[in-house]
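Reader: Could you take a close look at one part of this structure for me, and then say a bit about a few other spots?

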Amino acid sequence: MAMAVLTDARKRDLRRELEALVGRGAVLSDPDELLVYESDGLTLFRALADFVVFPTSAEHVSAIVKLANREDLPFVARGAGTGLSGGCLPAEGGIVISLMRMNRVLEVDYDNQVAVVEPGLVNLHLSWAVGPAGYYYAPDPSSQQACTIGGNIANNSGGPHTLKYGVTVNHVLGLEVVMPDGEIVWLGGKTRESQGYDLPGIFVGSEGTFGIATKIVVRILRKPQAVKTVLAVFDRVEQASAAVSEVIARGLVPAAVEMIDRLTIQAVEDAFGCGYPRDAAAAVLVELDGLAEGMSAQTERIVQACRDSGAREVRAARDEAERQLLWKGRKSAFGAYGRISPAYMVMDGVIPRTKLPYVLARVNEIVASHGLRVGNVFHAGDGNLHPNILYDPRVSGEEERVVQAGAEIMRLCAEVGGSISGEHGIGLEKADFMAFIFSPADLEFMQGLKRAFNPTGRCNPGKVFPTRKSCGEAGPSAYRPHPIEEKGLAQRF
């Protein structure tokens, strides 16, 4: 599908028109300014839009979308840009609709435990807003200090506490959405049960290809009476992996079970000094929450399960300060890699928990075979892996080797019965991997659903699905060989 290419004169006219819609100071079009928005957290893929626009209302978003349709321009919504799959990568040209100025908590109904927020609200800020009343927002991606709830909606994000509380879709009741033709509609509402199809459930996780959320109704939860966090230290990764299954096999339902490997421990200790033993092969962080009654007994069962699995040291955080320090190490791990590598690529695969020892060993073998290093820090309780492949983009050929290693890891996850995304989405990065887990009939069904919402394809083109091989295609959704395709590691169809 070909889309418009703008002349300089037309760009100037459209900038004036966009400024008339959203105000001066709310439109970027200078190349230097656009560079900031050329990628998300996955910098392997970059593209420049014609405009970045900062609306402050659903009506603004609707007007921008209608203008884009009139001009045959692609458009994509963007939050904080913390995504890791190229999901909010702009097309070559078109409009980036930044939602960062739509960041308010609009309403809190404590009696019914719901809040209405705008998509640009930073995830953690919602918990800060309702915290003094004894409530919090459960989905907690590791980037929750920066990522937005709108971005979480796009990718159906999870986090350390997914094991007990589920992912974003389990906490969304309703959405105000600007559809790809500019119409403003509501999907769902403020109650947990609504008539008809589960449209919020379909929209959450659609990676910005079904429309743009402009208001979001979310559940808020009462803070638990008690929280207990246990750190278990292991000399072998296999022991740590076994402990994860052992804890759950004993009938316990922790709020979180996280694993950190040696390379990551050392990076975190260098950066923050959180108290992880630097010589450990792996550390497992287990958190219980709930009623105060019985918490000590459950903690003892966790400690015993870890010891029975071979832990050389197991200790519970003595106070809230120590607990926060342990979590700081886990949640800041991605940033700590910056001390030991110029760049890294975060993979996001899911596997059955029982496959952890085999898959982690294979991940290390795959990455080593490409002459690279990998750090693992991940949501072990729900089998959501995050291998972080370290590399130097200034070294010729390293980016290509990273992409190849990543493709092999995704294929491995699929081969053991897992998935190619737990929470980061497919985006552009893994569009070519969809065939690892879906048949052509599956993909055609999903694309039919996308066409029902987004018939023109202008709303976030080129994401989720492999682009078709067609010499007649042009523009932002045109077929462009992926590096792994050129290496024969993936096949478009």
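Author: Sure, and one term before we start: contact means heavy atoms within 4.5 Å of each other. Bear in mind that this is a predicted model, where local features need pLDDT of at least 70 and side-chain atom pairs count only at pLDDT 80 or more, while totals for chains, interfaces and linings use all residues. Numbering runs from 1 along each chain as its sequence is written, and side-chain values use heavy atoms, without hydrogens or water.

Let's go for helix α4, residues 123-130 (helices are DSSP runs of H or I with at least four residues, strands are runs of E with at least two, and both are numbered from the N terminus). Its buried residues are N123, L124, L126, S127 and V130, where buried means under 20% relative accessible area, exposed over 50% and partly exposed in between (1.4 Å probe, protein chains only). Those five lie on the same side of α4, because they cover an arc of only 155° around the axis, taking the directions from the helix axis to the C-beta atoms. Their cover includes the strands β5 (105-109), β6 (114-117), β7 (135-136) and β10 (212-219), plus helix α5 (149-155).

Just ahead of β10 there's a backbone oddity. E207, in the loop between α7 (199-203) and β10, has a positive phi of about 60° without being a glycine. Most residues other than glycine have a negative phi. E207 is also buried, at 8% relative accessible area. N460 does something similar, with a positive phi near 50°. It sits in the loop between α15 and α16 (483-486) and is buried too, at 2%.

Next, D289 in strand β14 (282-290). At 12% relative accessible area, D289 counts as buried. Its side chain makes polar contacts with the side chains of K164 at 2.6 Å and Y165 at 2.8 Å; such a contact is a pair of N or O atoms within 3.5 Å, and within protein one must be able to donate a hydrogen and the other to accept it, with sequence neighbours counted only if both atoms are side-chain atoms. Leaving out residues up to four places away in sequence, D289 touches Y136, K164, Y165, P224, A226, V227, A255 and M295.

Finally, a surface spot. L449 belongs to helix α15 (440-453) and is partly exposed, since its relative accessibility is 33%.
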